[in-house]
Amino acid sequence: MIKKLKNKRILICIVIVIFVVLIFLIFFIKNHYKIFETGNNMSNKSIEEIEKYILNISSYEAKVSVIVESNKNTNKYVISQTYIAPDKSKQIVLEPSNLEGIEIVYDGQQLSINNSKLSLSKVYEDYEYVVDNVLCLESFISDYQEAKKESSSKLYEQDGEYVFEAKTKSDNKYNENKKLFIDKSTGKPTKLLIQDINEKTVVYILYNEIKI
């Protein structure tokens, strides 16, 4: 009798263990599939769906490398960017060291620069692109939407990426054309080119990290 009870308990324990293992496997497989599906669903979207996705970005965080070409020299920066629709954005300069910590904040109407090391006039004089929201993704999106209304935008595929191109109406001849490159598989921006009237790249922005 005692032996039968012992065997019954062992059997119950085995059944419980099997049940727990099955629940764990079901949970793991379900979540693994969900992660896999979410991570790859952009590759299944059409170019029109990707366009809609990009144009409807409501917020993002990014770390970008920026190269600015001028007639005199080449300047390189690393900048942290954040944006929250409809008009809140901030850029923080991480590199070079002499500009580290500069914060450029936009509220949709006004721009403010926070840094105790450099005066406002000095920043504007020597680093004009740093304090211009032309470096921001939302600026490109706005320009692209306007260009689309004027039939001066393009959207096409090139070397495994989608390219959003916008001809802008600007008094600045160094800001006439913009190209945003989007990874087809992830739907994330990889780089943004700002070109002059001759389509020479004057600002190159590389998205090292971006969370949309």
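Biologist: Helices (H or I, at least four residues) and strands (E, at least two) are DSSP runs, numbered from the N terminus. With that settled, where is proline 96?

Modeller: Proline 96 is in the loop between S3 and S4. The peptide bond leading into it from glutamate 95 is cis, with omega near 5°. Before going on, some ground rules. This is a predicted model, in which local features need pLDDT of at least 70 and side-chain atom pairs count only at pLDDT 80 or more, while totals for chains, interfaces and linings use all residues. Residues are numbered from 1 along each chain as its sequence is written, and side-chain values use heavy atoms, with hydrogens and water left out.

Biologist: Which peptide bond joins alanine 85 and proline 86, cis or trans?

Modeller: That bond is cis, with omega about 5°. Proline 86 lies in the loop between strand S2 (74–84) and strand S3 (88–95).

Biologist: Back up a bit. How many helices and strands are there?

Modeller: The protein has four helices and ten strands. Along the sequence the pattern reads α-α-β-β-β-β-β-α-α-β-β-β-β-β.

Biologist: What does S1 pair with?

Modeller: Two strands pair if DSSP finds at least two bridges between them. S1 runs antiparallel to S2, with eleven bridges joining them, and a hairpin of four residues connects the two. Isoleucine 67 stands opposite lysine 76 in S2. S1 also pairs with S10 in the antiparallel sense, over eight bridges. There, valine 68 has valine 203 in S10 as its bridge partner.

Biologist: Which way do the side chains of S1 point?

Modeller: They alternate along residues 59–69. Tyr60, Ala62, Val64, Val66 and Val68 point to one face and are buried. Ser59, Glu61, Lys63, Ser65, Ile67 and Glu69 point to the other face and are not buried. Buried means under 20% relative accessible area, exposed means over 50%, and partly exposed is in between (1.4 Å probe, protein chains only).

Biologist: What share of the protein is buried?

Modeller: Of its 212 residues, 33% count as buried. The protein exposes about 13800 Å², of which carbon and sulfur atoms supply 55%. Those areas come from the Shrake-Rupley method with a 1.4 Å probe; for residues, only the protein chains shown count as cover.

Biologist: How many residues are in the largest nonpolar core?

Modeller: It has 40 residues, and those with the most contacts inside it are Val66, Phe164, Leu180, Ile205 and Tyr207. A nonpolar core is a set of buried Ala, Val, Leu, Ile, Met, Phe, Trp, Tyr and Cys residues joined through side-chain atoms within 4.5 Å.

Biologist: What is leucine 180 in contact with?

Modeller: Leaving aside neighbours within four places in sequence, its contacts (heavy atoms within 4.5 Å) include Ile54, Leu137, Phe140, Phe164 and Tyr207.

Biologist: And threonine 190, where is that?

Modeller: Threonine 190 is in strand S9 (residues 189–195). Its side chain makes a polar contact with the side chain of glutamate 161, at 2.7 Å. A polar contact is a pair of N or O atoms within 3.5 Å; within protein, one must be able to donate a hydrogen and the other to accept it, and residues adjacent in sequence count only if both atoms are side-chain atoms.

Biologist: New topic. Why is isoleucine 104 called buried?

Modeller: Isoleucine 104 is called buried because its relative accessible area is 0%. It lies in strand S4 (residues 103–106).

Biologist: What about serine 151, buried or exposed?

Modeller: Serine 151 is exposed, with a relative accessible area of 67%. It lies in the loop between helix H4 (137–149) and strand S6 (153–158). It has a positive phi of about 60° although it is not a glycine.

Biologist: What is the phi of glutamate 199?

Modeller: Glutamate 199 has a positive phi of about 65°, although it is not a glycine either. Its place is the loop between S9 and strand S10 (201–211), and it is partly exposed at 39% relative accessible area.

Biologist: Where is confidence lowest, and where is it highest?

Modeller: pLDDT is the predictor's confidence in each residue, from 0 to 100. Confidence is lowest in helix H3 (residues 120–126), at a mean of 58, and highest in S9, at 96. Over residues 33–40 the pLDDT is below 50, and this stretch has one contact in the model beyond near neighbours in sequence. Where pLDDT is low, the predicted coordinates should not be read in detail.
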